[in-house]
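Here is a short report on a structure for you to explore. Keep the sequence and the 3D view open as you read.

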There are 2 protein chains.
Amino acid sequence: MPVAERRQALLDAATTVIARDGVRAASTRAIVREAGMSLASFHYAFESHTELMRHVVERVLVDEVHSVTEVLAGAAELTEGPVTLPELLGAALDGFVAAVEADPAREQAILELHQYALREPELADLVRAEYAAYDEAAAGVLTAAAAATGTRWTRSVEELARYVVTLTDGLTTSWLSFRDPERISAAREYAVAGILQFSEPDPDA
Amino acid sequence: MPVAERRQALLDAATTVIARDGVRAASTRAIVREAGMSLASFHYAFESHTELMRHVVERVLVDEVHSVTEVLAGAAELTEGPVTLPELLGAALDGFVAAVEADPAREQAILELHQYALREPELADLVRAEYAAYDEAAAGVLTAAAAATGTRWTRSVEELARYVVTLTDGLTTSWLSFRDPERISAAREYAVAGILQFSEPDPDA
DNA sequence: GTTACAGTGGGGCACATGTCCCAGACGAGC
DNA sequence: GCTCGTCTGGGACATGTGCCCCACTGTAAC
């Protein structure tokens with residue numbers, strides 16, 4: 001078993017344990033047990049538990065950015081025939097919420113890893129980079145949606161995107177506490193309405 | 001030293017340790033070291049570390065609800081002379097954000113305790129009760145602000161309140177990651193604008 | 001002064017954790 | 001077949017953890 005593959009297997013196992021039992025429970029032994037390896041194999045693939053955790057944080061956050069970007073892009077490409085701006089934005093937010101609802105354990109793990117990373121000086125930047133990527137993804141959706149519906153934004157797209165990301169963050173934590181779709185849907189509607197305020201027909205379109 | 005006082009001191013110490021070093025570091029020994037006691041004193045006041053944590057979660061979350069309610073009520077009572085709805089709502093949100101900015105460690109501790117509580121079946125209800133209290137506080141501010149400015153809401157105040165709470169949650173996590181006032185202020189402005197959509201002059205006022 | 005007892009400190013138990021070491025297994029090259 | 005170097009398993013170490021016990025203090029009652 002090549003080292004690279006073993007590292008991947010250990011990262012997978014660590015992610016599984018964290019999602020199921022929390023960061024607190026992700027001890028070296030729990031991870032190797034999950035991966036079906038011995039402790040020696042662990043320290044053959046990784047310098048230390050700390051290094052493993054660093055890679056876990058990095059991989060999970062990067063993966064999450066990818067999947068979110070994918071979900072948003074998928075919703076934005078759903079433009080079969082004429083679509084309105086609120087429909088597009090609503091679909092994008094629905095896609096995001098559906099992804100969170102589909103795998104709450106993963107989302108909870110991500111939040112725990114955020115906290116973990118924010119406590120480690122050398123990992124804190126990963127969280128900020130993650131949010132920057134979210135901002136970019138949201139900005140992409142906003143501009144694409146406006147372009148597809150002959151509208152334009154009256155405010156900076158970057159600012160609007162940050163607002164959207166802030167809101168999705170709130171939606172995520174709300175879902176993890178209540179698991180209540182109704183509690184989410186109202187906020188979702190208001191969010192869309194809030195953003196629409198800053199759009200207008202594009203005279204150039 | 002009476003038992004009740006000792007328990008309070010230990011709760012204080014635990015809160016301090018958690019805010020400074022995280023929940024992960026809040027071991028029994030770390031807490032008694034912070035409180036300047038011996039291990040025996042700890043187990044004289046508390047049945048177990050688990051029981052202590054249960055009380056910590058309860059107290060911190062209840063305290064947070066109180067202080068948030070206080071901040072919001074304070075902002076709402078700032079009605080010297082004629083004030084507009086957006087001013088009132090903006091002031092309330094500013095008060096909230098200022099409280100978060102003033103003590104980020106405490107806010108981070110609260111988020112960690114949320115995660116901790118959500119992992120413990122018997123503590124999860126505390127988080128939900130906390131959010132329910134936030135909802136109520138936000139609803140109170142919304143109705144008070146509307147009444148003070150001769151306006152009324154066109155949507156259910158409960159739903160609007162939940163939206164506000166969701167948003168403040170996002171603002172909090174955003175602040176903890178970036179500590180960037182500008183990043184917050186834009187979202188704050190959009191939030192106010194978003195809510196204002198659902199207000200109208202009250203003909204009965 | 002003696003007794004009784006709530007309260008406290010130090011030490012110790014059993015267990016879990018991160019890390020390391022060393023004996024052995026495995027397979028490739030000759 | 002043999003050797004050599006990579007890889008792996010089990011065991012062990014030091015440390016940290018939650019919890020407990022026993023000896024001791026101080027104080028209050030008589």
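The sections below take the two protein chains first and the two DNA strands after them.

## The model and its two chains

This is a predicted model. Begin with chains A and B. How are the two copies related? A rotation of 180° with 0.0 Å of shift along its axis lays chain B on chain A, with an RMSD of 0.1 Å. That is the relation of a two-fold axis.

Now look at where the copies touch. Of the interface residues of chain B, 100% are also interface residues in chain A, so the copies meet through the same surface.

## The interface between chains A and B

Contact joins 43 residues of chain B to 43 residues of chain A. The size of an interface is often given as the accessible area lost when the parts come together. Here, the area buried between chain B and chain A is about 3,900 Å². Carbon and sulfur atoms give 51% of that area. Which three residues of chain B supply more than any other three? They are R119(B), R183(B) and Y190(B), with 20% of the area that chain B buries against chain A.

Polar and charged groups meet here too. There are six salt bridges between chain B and chain A. One salt bridge pairs E189(B) with R155(A), and its closest N and O atoms are 3.0 Å apart. Across the interface, 20 residue pairs are in polar contact, both partners having pLDDT 80 or more.

## Which helices of chain B take part

Next, sort the touching side of chain B by element. At least two residues each come from α1 (3–21), α6 (104–119), α7 (124–148), α8 (157–178) and α9 (181–196) of chain B. The largest share is that of α8(B), with 15 residues. By class, this side of chain B has 20 nonpolar, 10 polar and 13 charged residues.

## Around DNA strand D

Turn to the DNA. Strand D is surrounded by 13 residues. The closest are R6(A), Y44(A), T28(B), R29(B) and H49(B). Among the atoms of strand D that come within 4 Å of the protein, sugar and phosphate account for 55%.

Three pairs are worth finding in the view. The side chain of S41(A) has an N or O atom 3.0 Å from a phosphate oxygen of strand D. For S27(B), a polar side-chain atom is 3.4 Å from a phosphate oxygen of strand D. R29(B) reaches a base instead: a polar side-chain atom lies 2.6 Å from a base nitrogen of strand D. Two or more residues each come from α3 (39–45) of chain A, and from α2 (28–35) and α3 (39–45) of chain B. The most come from α3(A), which gives three residues. The surface near strand D has three nonpolar, seven polar and three charged residues.

## Around DNA strand C

Strand C has 14 residues around it. Which come nearest? They are T28(A), R29(A), H49(A), R6(B) and Y44(B). Sugar and phosphate make up 56% of the strand C atoms that come within 4 Å of the protein.

Again, look at single contacts. S27(A) has a side-chain N or O atom 3.4 Å from a phosphate oxygen of strand C. In S38(B), such a side-chain atom is 3.2 Å from a phosphate oxygen of strand C. R29(A) places a polar side-chain atom 2.6 Å from a base nitrogen of strand C. The most residues on the surface near strand C come from α3(B), which gives three. By class, that surface has four nonpolar, seven polar and three charged residues.

Key. Residues numbered from 1 in each chain as written. Chains lettered and ligands numbered in written order. Predicted model: local features only at pLDDT ≥ 70, side-chain atom pairs only at ≥ 80, totals over all residues. Heavy atoms only, no water. Near = heavy atom within 4 Å. Polar contact = N/O pair within 3.5 Å; in protein donor to acceptor, adjacent residues only side chain to side chain. Helix = DSSP H or I, 4+ residues; strand = E, 2+ residues; numbered from the N terminus. Nonpolar A, V, L, I, M, F, W, Y, C, P; charged D, E, K, R; others polar. Contact = heavy atoms within 4.5 Å. Buried area = accessible area lost by both parts, 1.4 Å probe. Salt bridge = Lys/Arg side-chain N within 4 Å of Asp/Glu carboxyl O. Least-squares fit on C-alpha atoms with pLDDT ≥ 70 in both.
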